[in-house]
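Here are my notes on this one, written as numbered points so you can follow along with the structure open. Take them one at a time and find each piece as you go.

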Amino acid sequence: MSVRGDVRIEDRVIFAMGGGGFTMEPNNPLLDDFVLSLTSAKEPRLLFLPTASGDTTAQINAFQARFAGRTYIAEHLSLFRLRAAKRPLEEIVLDQDIIYAGGGSMRNLLAIWQAHGLDRLLVQAWQHGTVLTGLSAGAMCWFQGGVTRSSGPPEPMPGLGLLDGSLTVHADGEPERLPVWLAAVRAGTLPGGWALEDGVGLLFAGRRLQRVVSSRPGAGAQRVDQVAGELVRHRLQPELLGEGPRGALGGTDDAVEELRRVHRMRRGIAGGRD
Amino acid sequence: MERDSSLLDDYVLSLTDSPRPRVCFLPTASGDADHYVVRFYRRFSPGCEASHVSLFRRDQGTGGVEDDLATHLLAQDLIYVGGGNVVSMLGAWRAHGLDDILRKAWRKGVVLCGPSAGSLCWFEEALSAFHGAPRSVAGLGLLPYSNCVHYDAEPERRTEYHRFVGDGMRAGFAAEDGVALHFRRTRLQRVVSSRHDGRAYRVEPTDGGVVETPLKVSHLGADPLPAVTSKCEEPAPEPSSASRRPHRRGARRPAGAQVSERRPVTPEPLPA
C-alpha cells in the first residue's frame with residue numbers, strides 16, 4: 001500500500017455526472033474516456049463502488065465491459081460481498097487513482113459507506129489526490145446535498161459535503177426530481193447548486209467548478225441559487241466531448257463543414273473514391 | 001431457506017399460529033439480490049401471504065411493498081431477514097428507520113427470524129467475520145446476548161468467539177449451520193436443527209477463561225419437540241461435549257438461523 005500525503009486543494013479532483021457513463025450509456029464511452037483522462041497515472045488503478053445499487057452484477061459486469069484492459073487495475077468493491085475482498089478496506093480505498101461511484105439509492109449509499117467507515121476513507125482518498133467520480137447518487141454524494149428517490153418520492157438529503165452547494169441529477173430523464181430540488185433550494189433546505197441532465201458532468205478542481213462537459217448533443221445544465229427568497233437560474237452550456245453526431249449543439253461550425261468538404265474532395269481526386 | 005430442507009422454515013411458520021401467515025422478507029443484507037427474493041417466493045408463497053421489502057429498488061417501483069413500511073411490517077405474522085453483510089444491512093436499516101420498526105414489530109408479537117446476518121442483527125452484540133479480522137458489531141439489541149453463526153463452517157470462528165467473549169464481549173450463543181435458536185421474549189426456548197448433528201452452544205466468560213456449554217438440540221426431522229415451558233426456562237445443557245463430532249467440511253451450507261418471538265403476554269421492560 002502506497003503511503004500518500006495530501007495534495008493541494010486545487011489538485012483534488014471530483015467529476016460529477018448527472019447520468020451517463022457505462023451503466024447508462026453502454027454505446028457511448030465519452031464520459032468514461034473523460035474520466036480516464038483525469039488521472040496522470042500511466043497505469044491507473046480504478047475502483048468501482050456499486051454500493052448504491054446493492055452491488056448488482058449488472059453494474060459490475062458493465063464496469064468490466066467498459067474498463068477491463070484499459071487501466072492497470074479495474075476492480076470493484078462490494079460491501080455486500082466483502083468476503084471476496086482480500087485486503088482491508090483502507091488499503092483498497094487509499095490505493096487508487098480513480099474511484100467511481102455507481103448510481104442507485106443515495107440514502108443507502110451514504111448509510112452503508114458510513115457503517116463501514118468508507119465515507120472517511122473516501123475523504124482521505126480525495127485529499128490524497130485520488131480522482132472521485134460517479135453518476136446520479138454517486139455524483140450527488142460528494143456535494144452538501146442532493147435529491148434522492150431512495151424511498152420512492154424525491155426528497156432532499158445531505159451528502160458528504162466535499163463540494164459546496166447541492167446537486168440534482170437526471171433533470172431530463174426523471175423530471176419529478178427537479179421541482180423538489182428547486183423548492184428545497186428556494187426554502188433554504190438545500191444550498192444553491194447545479195441541475196444536470198443525463199450525459200452532463202461537472203469537473204471540479206478543489207471546490208471550484210472548472211468545466212462542464214457532455215456526452216450528448218443538446219444535454220444541458222443549470223446553476224440555481226436562492227437570492228432573497230427568489231430563485232436565480234443560469235443556463236450552462238456544456239462542452240460536447242468527442243466529435244458528437246453531426247448537427248450537435250445547433251449545427252456544426254461552418255468552417256468545420258467547409259474543411260470536411262475540402263478533405264472529401266481531395267480524397268476523391270487523389271483516390272477516385274468517395 | 002436451506003436449499004435441501006424446509007424444516008427450519010416449517011418450524012418458524014409453526015410459531016405464527018396462523019393457517020396462512022403473512023410473511024415479509026427483508027433481503028437487505030444481500031443488497032436485495034434478485035435470486036434471493038425469487039427463492040423466498042418459491043419457498044413461502046404457496047402457503048403464505050408472502051411479500052418483500054427492497055430498500056434498493058423503491059425508486060423503480062420494484063421494491064416490493066410500496067406503501068408505508070411500518071404499517072406493512074407491523075401487520076405481519078413473520079418477518080424473515082435474509083443473510084449477507086450485517087454491517088451493510090444495519091446501516092441501510094437505520095437510514096430507512098427499519099431498526100425502530102422491527103423493534104416495534106417484536107414488541108407487538110411479530111415473529112422475527114433469519115439466518116446468518118438475519119440472526120446476528122437481533123442481538124446486542126454480534127461477531128462479524130464477513131471480511132478481514134472478526135469484529136464486534138452492535139445489533140438491534142432485542143436479545144441481551146452476543147451471537148456467533150457459522151460456528152462449524154470455519155475453524156477460526158470458535159477461537160475468535162471465545163477470544164472476544166474472554167475480552168469482554170457479552171455472553172451469548174453460537175450456532176452451527178442448520179441450527180436455530182428459538183427465543184421467547186429474551187429467553188432461549190428451544191434449539192432446533194434441520195440436521196441430525198447440528199450443534200449450538202452457550203458461551204460465557206468465567207474467571208480467567210471462557211466456558212462453552214453444549215445445548216440440547218432437537219433434530220426437526222426426527223426428535224419429538226420438547227414442550228415449551230411457560231416459565232421460559234433455558235434448555236438444560238448437555239452434560240458433556242466429549243462426544244462432539246469433528247467439524248464437518250465441504251460445500252458451504254446455509255447459515256445457522258435464529259428465531260425470535262415475543263408474545264405480548266405480560267408486559268416486561270425491554271432491554272435498553
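1. Let's start inside one sheet. In chain A, strand S9 (residues 193-196) and strand S12 (residues 221-227) are joined by four bridges and run antiparallel. If you want one spot to click on, try Gly193(A), which sits opposite Val224(A) in S12(A). Keep in mind throughout that this is a predicted model.

2. Now zoom out to the whole sheet. Which order do the six strands of this open sheet in chain A take? Reading across, you get S7-S6-S8-S9-S12-S13, and the pairing is mixed. Strand S7 (155-158) and strand S13 (230-236) of chain A are at the edges with a single partner strand each, so each has one side without a neighbour in the sheet. On average, neighbouring strands here are turned by 25° against each other, ignoring direction. As background, strands of a sheet pair through backbone hydrogen bonds, and they can do so parallel or antiparallel.

3. Next, the helices that go with that sheet. H4(A) packs on the sheet and touches strand S6 (143-148) and S7 of chain A, with its direction at about 20° to that of S7(A). Helix H7 (residues 177-187) of chain A lies across S6, S7, strand S8 (163-168), S9, S12 and S13 of chain A. The angle between H7 and S12(A) is about 30°.

4. Here's a residue to look at in edge strand S13 of chain A: Leu231(A) lies there. What does Leu231(A) contact, leaving aside its neighbours within four places in sequence? The list is Leu182(A), Val185(A), Arg186(A), Val224(A), Asp225(A) and Gln226(A). For a sense of distance, Leu231(A) and Ala195(A) are 36 residues apart in sequence, and their C-alpha atoms are 13 Å apart in space.

5. Over to chain B. This chain has an open sheet of six strands in the order S6-S5-S7-S8-S11-S12, with mixed pairing. At the edges stand strand S6 (135-138) and strand S12 (209-214) of chain B; each has a single partner strand, so one side of each lacks a neighbour in the sheet. The twist from one strand to the next averages 25°.

6. Staying in chain B, strand S8 (residues 172-175) and strand S11 (residues 200-206) run antiparallel and are joined by four bridges. Ala174(B) is opposite Tyr201(B) in S11(B). Helix H4 (residues 86-96) of chain B packs on the sheet, touching strand S5 (123-128) and S6 of chain B, and its direction makes about 20° with that of S6(B). Helix H7 (residues 155-166) of chain B lies across S5, S6, strand S7 (143-148), S8, S11 and S12 of chain B, at about 35° to S11(B).

7. Finally, where the chains meet. Chain A puts 25 residues into the contact and chain B puts in 22 residues. About 1900 Å² is buried between them, with carbon and sulfur atoms giving 51% of it. Phe80(A), Arg83(A) and Asn108(A) supply 35% of the area chain A buries against chain B, more than any other three residues.

8. How many salt bridges are there between chain A and chain B? The count is zero. There are, however, four residue pairs in polar contact across the interface. On the side of chain A that touches chain B, helix H4 (residues 106-116) gives the most, with six residues. By class, that side of chain A has 10 nonpolar, 10 polar and five charged residues.

Note on methods. Residues are numbered from 1 along each chain as its sequence is written. Chains are lettered from A and ligands numbered from 1 in the order in which they are written. This is a predicted model: local features need pLDDT of at least 70, side-chain atom pairs count only at pLDDT 80 or more; totals for chains, interfaces and linings use all residues. Side-chain values use heavy atoms; hydrogens and water are left out. Contact means heavy atoms within 4.5 Å. Buried area is the accessible area (1.4 Å probe) that two parts lose on being put together, summed over both. A salt bridge is a side-chain nitrogen of Lys or Arg within 4 Å of a carboxyl oxygen of Asp or Glu. A polar contact is a pair of N or O atoms within 3.5 Å; within protein, one must be able to donate a hydrogen and the other to accept it, and residues adjacent in sequence count only if both atoms are side-chain atoms. Helices (H or I, at least four residues) and strands (E, at least two) are DSSP runs, numbered from the N terminus. Ala, Val, Leu, Ile, Met, Phe, Trp, Tyr, Cys and Pro count as nonpolar, Asp, Glu, Lys and Arg as charged, and the others, Gly among them, as polar. Two strands pair if DSSP finds at least two bridges between them. Axes are lines fitted to C-alpha atoms, for helices over the stretch in contact, and angles run from 0 to 180 degrees between N-to-C directions.
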